[in-house]
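Colleague: I am new to this structure and would like a close look at a single part of it. Could you take me through that part slowly, and then through whatever connects to it?

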Amino acid sequence: ADLSLSTNHPENLQQRGAVHLQRSLKDKVAMMSRLQTALEQNAFSLLVQPVRGLRGDHYHEVLLRMRDDNGALIFPEQFLPIAQEFGLSRVDLWVLERTLSFLAQHRQRLPGQRFAINLAPSTVYRAQFPLEVSRLLARYAVEAWQLIFEVTECSTFCNAEQALHILRQLQKMGVRI
């Protein structure tokens, strides 16, 4: 009623809601397409930021970015929820493999360097994830202690027991959680 009074036209909020819903769905599909293309063409960007703990611990956190058609950075809060909604855990594996490749290429220059990688809950639920990590560590000859996995918070952690089992397997390998 307030909208009708301010515009001086009758407003149908049901139709307005449908348009918003359609636009939202169209935007999600477009972002999903962009994610697929970025995965296929290795078009993500990885950045790092140093992390220094109070007890002298230091490492670098790996930050994932994507670029839009104009080359501007797209931040993860814009695309990761969509990747998670559509079950695209390959993004986490992409980040992991590129990080391990970097460590392997620069092992002489950066001995003992450690990197933290964020994992989505959907990745942590995957039973084969520890095996994939183990294979990648072996392929790039990187020590497990050089990896730190940070599990992002999510209200959909419905199978916490499965996630804890996976995280314990990773810890036994030497990965820090």
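Modeller: In this predicted model, a good place to begin is L96, which touches I117, V133, L136, L147 and F149 once residues up to four places away in sequence are left out of the count. L96 is also among the residues with the most contacts inside the largest nonpolar core, a group that further includes L35, F44, L100, V133, L147 and F149. That core has 39 residues, and at least two of them come from each of α2 (13-40), β2 (58-67), α3 (76-85), α4 (90-105), β4 (115-119), α6 (129-140), β5 (147-151) and α7 (160-173). Among these elements, α4 gives the most to the core, with 7 residues. As a general background to such a grouping, nonpolar side chains in soluble globular proteins tend to be buried together.

Helix α4 also takes part in a contact of another kind, for E97 forms a salt bridge with R139, and the closest N and O atoms of the two are 2.7 Å apart. Because E97 lies in helix α4 and R139 in helix α6, this pair ties together parts that are 42 residues apart in sequence. The two partners can be told apart by their accessibility: E97 is partly exposed, with a relative accessible area of 23%, whereas R139, at 55%, counts as exposed.

This pair belongs to a total of 5 salt bridges in the structure, and it is worth following the chain beyond α4 to another of them. The side chains of R114 and D57 meet in a salt bridge with an N to O distance of 2.2 Å. R114 sits in the loop between α4 and β4, while D57 sits in the loop between β1 (45-52) and β2, so that the pair ties together parts lying 57 residues apart in sequence. Of these two residues, R114 is buried, with a relative accessible area of 13%, and D57 is partly exposed, at 27%.

D57 has a further partner, since its side chain also meets that of R176 in a salt bridge (2.8 Å, N to O). Here again distant parts of the chain are linked, with R176 in the segment after α7 and D57 in the loop between β1 and β2, 119 residues apart. R176 is partly exposed, its relative accessible area being 38%. Taken together, D57, R114 and R176 are linked in a network of salt bridges.

Conventions. Residues numbered from 1 in each chain as written. Predicted model: local features only at pLDDT ≥ 70, side-chain atom pairs only at ≥ 80, totals over all residues. Heavy atoms only, no water. Core = buried A, V, L, I, M, F, W, Y, C linked by side-chain atoms within 4.5 Å. Buried < 20%, exposed > 50% of the residue type's maximum accessible area, 1.4 Å probe, protein only. Helix = DSSP H or I, 4+ residues; strand = E, 2+ residues; numbered from the N terminus. Contact = heavy atoms within 4.5 Å. Salt bridge = Lys/Arg side-chain N within 4 Å of Asp/Glu carboxyl O.
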